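Me: Could you take a close look at one part of this structure for me, a single pocket and what surrounds it? I'd enjoy a connected walk-through.

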Amino acid sequence: MVFYFTATGNSLYVAKQLDQNPVSIPQAIHAENLHFQDEAIGIVCPVFGHEAPPMVKEFMRKADFQTDFFYMILTYGNRQGGAAELAETLCHECGIRPSYINTVLMVDNFLPAFDMNQQTKLDKKVEEQLAAVTADIRRRRQYIQPASETDRAAHEEFLSRSTTPPEERWKNIYDVSDRCIGCGICTKVCPAGCWTVQHGRPVYREAGCQGCMACIHACPQKAIGMTIPEINPDARYRNEHISLNEIIQANIQNP
(Lines give C-alpha, C1' and ligand atoms only; values in the text may rest on other atoms or scores of the structure.)
Protein backbone atom coordinates (compact mmCIF):
# COMPACT_ATOMS: atom_id res chain seq x y z
CA MET A 1 0.00 0.00 0.00
CA VAL A 2 1.42 3.35 -1.08
CA PHE A 3 0.01 6.81 -0.40
CA TYR A 4 1.20 9.86 -2.29
CA PHE A 5 0.91 13.64 -2.59
CA THR A 6 1.73 15.20 -5.95
CA ALA A 7 1.56 18.60 -7.63
CA THR A 8 3.42 18.20 -10.91
CA GLY A 9 3.69 14.42 -11.08
CA ASN A 10 7.14 13.63 -9.69
CA SER A 11 5.94 11.89 -6.53
CA LEU A 12 3.12 10.16 -8.39
CA TYR A 13 5.65 8.77 -10.86
CA VAL A 14 7.74 7.43 -7.98
CA ALA A 15 4.66 5.99 -6.25
CA LYS A 16 3.67 4.13 -9.42
CA GLN A 17 7.03 2.37 -9.44
CA LEU A 18 6.21 0.98 -6.00
CA ASP A 19 2.51 0.15 -6.39
CA GLN A 20 0.29 -0.16 -9.46
CA ASN A 21 -2.57 1.59 -7.66
CA PRO A 22 -1.16 4.15 -5.24
CA VAL A 23 -3.65 6.12 -3.13
CA SER A 24 -3.88 9.91 -3.27
CA ILE A 25 -3.53 11.57 0.13
CA PRO A 26 -5.73 14.58 -0.86
CA GLN A 27 -8.49 12.02 -1.52
CA ALA A 28 -7.81 9.59 1.33
CA ILE A 29 -7.59 12.25 4.04
CA HIS A 30 -11.35 12.83 3.84
CA ALA A 31 -12.27 9.20 4.56
CA GLU A 32 -14.06 8.42 7.82
CA ASN A 33 -11.93 5.33 8.40
CA LEU A 34 -8.21 6.07 8.37
CA HIS A 35 -7.10 2.66 9.60
CA PHE A 36 -4.75 0.93 7.17
CA GLN A 37 -3.14 -2.49 7.41
CA ASP A 38 -0.70 -4.10 5.02
CA GLU A 39 2.59 -5.96 4.93
CA ALA A 40 4.31 -2.70 3.89
CA ILE A 41 2.92 0.84 3.84
CA GLY A 42 4.69 3.73 2.16
CA ILE A 43 4.26 7.46 1.72
CA VAL A 44 5.72 9.27 -1.27
CA CYS A 45 5.70 13.06 -1.30
CA PRO A 46 7.75 16.12 -2.20
CA VAL A 47 9.50 18.19 0.42
CA PHE A 48 8.69 21.86 0.85
CA GLY A 49 11.36 23.60 2.88
CA HIS A 50 12.92 20.15 3.46
CA GLU A 51 9.75 18.84 5.16
CA ALA A 52 6.62 16.97 4.12
CA PRO A 53 3.71 19.14 2.89
CA PRO A 54 1.22 20.21 5.59
CA MET A 55 -1.48 17.89 4.23
CA VAL A 56 0.84 14.90 4.42
CA LYS A 57 1.69 15.73 8.02
CA GLU A 58 -2.01 16.03 8.84
CA PHE A 59 -2.74 12.69 7.18
CA MET A 60 0.03 10.96 9.09
CA ARG A 61 -1.20 12.39 12.39
CA LYS A 62 -4.77 11.25 11.74
CA ALA A 63 -4.15 7.82 10.24
CA ASP A 64 -3.48 4.52 11.96
CA PHE A 65 -0.93 2.41 10.08
CA GLN A 66 -0.63 -1.25 10.98
CA THR A 67 2.44 -2.65 9.23
CA ASP A 68 5.79 -4.24 9.88
CA PHE A 69 7.47 -2.03 7.29
CA PHE A 70 6.59 1.67 7.12
CA TYR A 71 8.61 3.75 4.68
CA MET A 72 8.78 7.23 3.14
CA ILE A 73 10.25 8.35 -0.17
CA LEU A 74 10.79 12.10 -0.38
CA THR A 75 11.28 13.84 -3.72
CA TYR A 76 13.27 17.06 -3.94
CA GLY A 77 14.96 19.18 -6.56
CA ASN A 78 17.92 21.03 -5.10
CA ARG A 79 18.85 20.71 -1.41
CA GLN A 80 17.19 18.04 0.70
CA GLY A 81 18.31 19.67 3.94
CA GLY A 82 18.21 16.51 6.03
CA ALA A 83 14.69 15.69 4.82
CA ALA A 84 14.87 12.05 5.91
CA GLU A 85 15.94 12.98 9.42
CA LEU A 86 13.11 15.53 9.63
CA ALA A 87 10.66 12.93 8.33
CA GLU A 88 11.87 10.45 10.94
CA THR A 89 11.11 13.02 13.64
CA LEU A 90 7.65 13.52 12.12
CA CYS A 91 7.05 9.77 12.19
CA HIS A 92 7.94 9.55 15.85
CA GLU A 93 5.63 12.49 16.62
CA CYS A 94 2.84 10.53 14.90
CA GLY A 95 3.59 7.34 16.81
CA ILE A 96 5.03 5.65 13.70
CA ARG A 97 8.21 3.59 13.72
CA PRO A 98 9.75 4.03 10.26
CA SER A 99 11.83 1.25 8.74
CA TYR A 100 13.07 3.11 5.69
CA ILE A 101 13.25 6.78 4.64
CA ASN A 102 15.11 7.94 1.56
CA THR A 103 15.13 10.81 -0.94
CA VAL A 104 15.01 11.00 -4.74
CA LEU A 105 16.48 13.97 -6.61
CA MET A 106 14.18 15.13 -9.43
CA VAL A 107 13.14 18.32 -11.25
CA ASP A 108 12.70 21.26 -8.89
CA ASN A 109 9.42 22.99 -9.72
CA PHE A 110 9.83 26.00 -7.37
CA LEU A 111 9.35 28.83 -9.86
CA PRO A 112 10.91 31.72 -7.87
CA ALA A 113 14.23 29.89 -7.83
CA PHE A 114 14.40 27.70 -10.94
CA ASP A 115 13.87 27.86 -14.70
CA MET A 116 11.82 24.84 -15.73
CA ASN A 117 13.42 24.77 -19.17
CA GLN A 118 16.83 24.40 -17.56
CA GLN A 119 15.65 21.93 -14.92
CA THR A 120 14.26 19.51 -17.50
CA LYS A 121 17.60 19.44 -19.33
CA LEU A 122 19.54 18.28 -16.27
CA ASP A 123 20.29 14.60 -15.95
CA LYS A 124 19.56 13.87 -12.32
CA LYS A 125 19.83 10.10 -12.76
CA VAL A 126 16.22 9.61 -11.69
CA GLU A 127 15.83 6.09 -13.05
CA GLU A 128 19.01 4.92 -11.34
CA GLN A 129 17.78 6.34 -8.04
CA LEU A 130 14.38 4.70 -8.48
CA ALA A 131 15.96 1.36 -9.24
CA ALA A 132 17.95 1.52 -6.00
CA VAL A 133 14.97 2.64 -3.93
CA THR A 134 12.59 0.02 -5.31
CA ALA A 135 15.21 -2.68 -4.72
CA ASP A 136 15.55 -1.51 -1.12
CA ILE A 137 11.79 -1.64 -0.58
CA ARG A 138 11.47 -5.11 -2.12
CA ARG A 139 14.11 -6.54 0.19
CA ARG A 140 12.76 -4.61 3.19
CA ARG A 141 16.00 -2.79 3.86
CA GLN A 142 16.21 -1.03 7.23
CA TYR A 143 17.64 2.41 6.46
CA ILE A 144 17.12 6.08 7.32
CA GLN A 145 19.16 8.39 5.11
CA PRO A 146 21.56 10.22 7.44
CA ALA A 147 21.73 14.01 7.60
CA SER A 148 25.08 15.75 7.39
CA GLU A 149 25.98 18.92 9.25
CA THR A 150 25.72 20.70 5.89
CA ASP A 151 22.15 19.39 5.52
CA ARG A 152 21.20 20.58 8.98
CA ALA A 153 22.81 23.96 8.36
CA ALA A 154 20.82 24.32 5.13
CA HIS A 155 17.58 23.70 7.01
CA GLU A 156 18.50 26.15 9.74
CA GLU A 157 19.28 28.75 7.09
CA PHE A 158 15.88 28.13 5.49
CA LEU A 159 14.09 28.52 8.82
CA SER A 160 15.94 31.77 9.53
CA ARG A 161 14.70 33.19 6.22
CA SER A 162 11.13 31.92 6.65
CA THR A 163 9.91 34.53 9.09
CA THR A 164 6.37 34.74 7.69
CA PRO A 165 3.87 32.65 9.71
CA PRO A 166 2.54 29.64 7.74
CA GLU A 167 -1.00 31.02 7.74
CA GLU A 168 0.24 34.24 6.11
CA ARG A 169 2.76 32.73 3.70
CA TRP A 170 0.47 32.30 0.70
CA LYS A 171 -1.61 35.46 0.97
CA ASN A 172 -1.67 37.49 -2.25
CA ILE A 173 1.00 35.24 -3.77
CA TYR A 174 -0.82 34.35 -6.99
CA ASP A 175 -1.87 36.61 -9.83
CA VAL A 176 -4.29 35.80 -12.68
CA SER A 177 -3.72 37.58 -15.99
CA ASP A 178 -6.11 38.41 -18.81
CA ARG A 179 -4.97 35.24 -20.57
CA CYS A 180 -7.32 33.26 -18.32
CA ILE A 181 -10.17 31.61 -20.25
CA GLY A 182 -12.05 30.32 -17.20
CA CYS A 183 -11.37 26.65 -17.97
CA GLY A 184 -11.30 25.71 -14.28
CA ILE A 185 -8.28 23.43 -14.43
CA CYS A 186 -6.79 25.27 -11.45
CA THR A 187 -9.83 24.22 -9.40
CA LYS A 188 -9.28 20.58 -10.36
CA VAL A 189 -5.56 20.23 -9.66
CA CYS A 190 -5.49 22.02 -6.31
CA PRO A 191 -5.23 19.40 -3.53
CA ALA A 192 -6.75 21.78 -0.98
CA GLY A 193 -9.60 23.20 -3.07
CA CYS A 194 -8.25 26.73 -2.86
CA TRP A 195 -9.56 27.79 -6.29
CA THR A 196 -13.11 28.36 -7.48
CA VAL A 197 -14.44 29.89 -10.69
CA GLN A 198 -16.81 32.81 -10.19
CA HIS A 199 -18.30 34.73 -13.09
CA GLY A 200 -15.85 33.04 -15.44
CA ARG A 201 -12.77 34.00 -13.41
CA PRO A 202 -10.74 31.94 -10.92
CA VAL A 203 -10.83 33.11 -7.32
CA TYR A 204 -8.16 32.03 -4.86
CA ARG A 205 -8.40 31.67 -1.08
CA GLU A 206 -5.18 31.06 0.79
CA ALA A 207 -6.68 28.99 3.64
CA GLY A 208 -5.30 25.48 3.38
CA CYS A 209 -2.93 26.29 0.51
CA GLN A 210 -0.09 23.77 0.40
CA GLY A 211 2.23 25.99 -1.64
CA CYS A 212 2.58 23.16 -4.15
CA MET A 213 2.05 25.37 -7.23
CA ALA A 214 0.02 22.71 -9.04
CA CYS A 215 -2.33 25.47 -10.17
CA ILE A 216 0.42 27.50 -11.82
CA HIS A 217 2.10 24.59 -13.56
CA ALA A 218 -1.17 23.11 -14.87
CA CYS A 219 -2.72 26.29 -16.26
CA PRO A 220 -2.88 25.73 -20.06
CA GLN A 221 -2.81 29.47 -20.77
CA LYS A 222 -0.01 30.26 -18.30
CA ALA A 223 -2.47 32.74 -16.89
CA ILE A 224 -1.56 32.09 -13.25
CA GLY A 225 1.68 33.62 -12.09
CA MET A 226 3.28 34.74 -8.88
CA THR A 227 3.35 38.19 -7.36
CA ILE A 228 7.02 37.64 -6.56
CA PRO A 229 9.58 37.35 -9.38
CA GLU A 230 9.86 34.07 -11.24
CA ILE A 231 13.05 32.94 -12.95
CA ASN A 232 11.15 32.12 -16.17
CA PRO A 233 7.42 33.02 -16.18
CA ASP A 234 7.01 31.34 -19.58
CA ALA A 235 8.17 27.91 -18.45
CA ARG A 236 6.01 25.37 -16.62
CA TYR A 237 6.47 21.72 -15.70
CA ARG A 238 4.74 18.38 -15.43
CA ASN A 239 6.53 15.05 -15.13
CA GLU A 240 6.78 13.61 -18.63
CA HIS A 241 5.39 10.24 -17.50
CA ILE A 242 2.28 11.70 -15.83
CA SER A 243 -0.78 13.10 -17.60
CA LEU A 244 -2.77 16.16 -16.59
CA ASN A 245 -5.77 13.90 -16.02
CA GLU A 246 -3.77 11.89 -13.48
CA ILE A 247 -2.97 15.09 -11.57
CA ILE A 248 -6.66 16.02 -11.65
CA GLN A 249 -7.78 12.60 -10.42
CA ALA A 250 -5.23 12.77 -7.62
CA ASN A 251 -6.16 16.23 -6.37
CA ILE A 252 -9.70 17.20 -7.38
CA GLN A 253 -11.81 18.02 -4.35
CA ASN A 254 -15.23 18.49 -5.99
CA PRO A 255 -15.56 15.84 -8.73
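Reply: Happy to; here is a look at the second largest pocket, then at one residue beside it, and last at the sheet.

Please keep in mind that this is a predicted model. The second largest pocket has a volume of about 310 Å³. Its lining is made up of 17 residues, and those closest to the centre are Val 107, Val 126, Tyr 237, Asn 239 and Glu 240. Two elements give two or more residues to this lining: helix 1 (10–18) and helix 6 (126–138). Sorted by class, the lining holds six nonpolar, five polar and six charged residues.

Now for Asn 10, which sits in helix 1. Is Asn 10 buried or exposed? Asn 10 counts as buried because its relative accessibility is 7%, under the 20% cut-off. Beyond its neighbours within four places in sequence, Asn 10 is in contact with Met 106, Val 107, Tyr 237 and Asn 239. Of these contacts, Val 107, Tyr 237 and Asn 239 are also among the residues closest to the pocket centre.

Turning to the sheet, six strands form an open, parallel arrangement in the order 2-1-4-6-7-8. Strand 2 (23–24) and strand 8 (143–144) are the edges, each pairing on one side only. Helix 4 (residues 83–93) packs on this sheet and touches strand 6 (69–76), strand 7 (100–105) and strand 8. The direction of helix 4 makes about 140° with that of strand 6. Elsewhere in the sheet, strand 1 (residues 2–4) runs parallel to strand 4 (residues 40–46), and three bridges join them. Within that pairing, Val 2 stands opposite Gly 42 of strand 4.

Conventions: Residues numbered from 1 in each chain as written. Predicted model: local features only at pLDDT ≥ 70, side-chain atom pairs only at ≥ 80, totals over all residues. Heavy atoms only, no water. Pairing = 2+ DSSP bridges. Helix = DSSP H or I, 4+ residues; strand = E, 2+ residues; numbered from the N terminus. Contact = heavy atoms within 4.5 Å. Axes fitted to C-alpha atoms, helices over the stretch in contact; angles between N-to-C directions. 1 Å grid on protein atoms, 1.4 Å probe; cavity = no way out; pocket = protein on both sides within 12 Å on 5 of 7 lines; lining within 4 Å. Points joined across faces, edges and corners; volume = space filled by probe spheres on them. Nonpolar A, V, L, I, M, F, W, Y, C, P; charged D, E, K, R; others polar. Buried < 20%, exposed > 50% of the residue type's maximum accessible area, 1.4 Å probe, protein only.
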